[in-house]
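Okay, thanks for making room for me on the agenda. I'll put the structure up and then walk you through a few spots.

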Amino acid sequence: IIAKEDVELYAYSYEVAIASLIAFVGVVSIGLITGVLGSVLIFVMTFLLLRGTIGGYHADKHWRCMVLTFGMVLLFA
């Protein structure tokens, strides 16, 4: 069903979607465990909006991005 030249694009898209889902579940879990879910969600949404506008560090691997994101959330939670 998927054209041969589109296989890499689909694979990357699924990889990004799965990594985003894992990051979301992880951030929500940290918020629930620390008892500050609302604050964590506001912080992450603000961070994502700012990062999308002003740029910043971009990890070269999804797992590095998640480790840094979870560490940042734990630091500020």
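Let's begin with Leu-21: is it buried or exposed? Leu-21 has a relative accessible area of 55%, and exposed means over 50%, so Leu-21 counts as exposed. You'll find Leu-21 in helix H1. And just to place it against another residue: Ile-54 sits 33 residues away from Leu-21 along the chain, and their C-alpha atoms are 24 Å apart. Oh, and I should say this right away: what you're looking at is a predicted model.

Now to the inside. Which residues make up the largest nonpolar core? There are five of them: Val-27, Ile-30, Val-40, Val-44 and Val-73. Two elements give two or more residues each to this core, namely helix H1, residues 7-34, and helix H2, residues 37-54. Keep an eye on Val-73, please. Leaving aside residues up to four places away in sequence, Val-73 touches Val-27, Ile-30, Val-40 and Val-44.

Next, the helix pairs. Let's take H1 with H3 to start. How do their axes cross? The angle is roughly 20°, and the axes come within 10 Å. Because of that angle, H1 is roughly parallel to H3. The crossing of H1 past H3 is right-handed. Who meets whom here? On the H1 side we have Tyr-12, Glu-15, Val-16, Ala-19, Ile-22, Ala-23, Gly-26, Val-27 and Ile-30, and on the H3 side His-62, Met-66, Thr-69, Phe-70, Val-73 and Leu-74. Sorted by type, the residues of that contact come out as 11 nonpolar, three polar and one charged.

Then the other pair, H2 with H3, where H3 covers residues 62-76. These two pack at an angle of about 130°, and their axes lie 11 Å apart. That angle is why H2 is called oblique to H3. Here too the handedness is easy to state: H2 passes H3 in a right-handed crossing. From H2, the contact uses Val-40, Phe-43, Val-44 and Phe-47, while H3 brings Met-72, Val-73 and Phe-76. And what types are they? In this contact of H2 with H3, seven residues are nonpolar, with no polar and no charged ones.

So if you take one residue home, make it Val-73. Val-73 belongs to the largest nonpolar core, and Val-73 turns up in the contact of H3 with H1 and also in the contact of H3 with H2. That's it from me, happy to go back to any of these.

Terms used: Residues are numbered from 1 along each chain as its sequence is written. This is a predicted model: local features need pLDDT of at least 70, side-chain atom pairs count only at pLDDT 80 or more; totals for chains, interfaces and linings use all residues. Side-chain values use heavy atoms; hydrogens and water are left out. A nonpolar core is a set of buried Ala, Val, Leu, Ile, Met, Phe, Trp, Tyr and Cys residues joined through side-chain atoms within 4.5 Å. Buried means under 20% relative accessible area, exposed over 50%, partly exposed in between (1.4 Å probe, protein chains only). Helices (H or I, at least four residues) and strands (E, at least two) are DSSP runs, numbered from the N terminus. Contact means heavy atoms within 4.5 Å. Axes are lines fitted to C-alpha atoms, for helices over the stretch in contact, and angles run from 0 to 180 degrees between N-to-C directions. Angles under 35 degrees count as roughly parallel, over 145 as roughly antiparallel, 65 to 115 as roughly perpendicular and the rest as oblique. A crossing is left-handed if the near helix is turned anticlockwise from the far one by less than a right angle, and right-handed if clockwise. Ala, Val, Leu, Ile, Met, Phe, Trp, Tyr, Cys and Pro count as nonpolar, Asp, Glu, Lys and Arg as charged, and the others, Gly among them, as polar.
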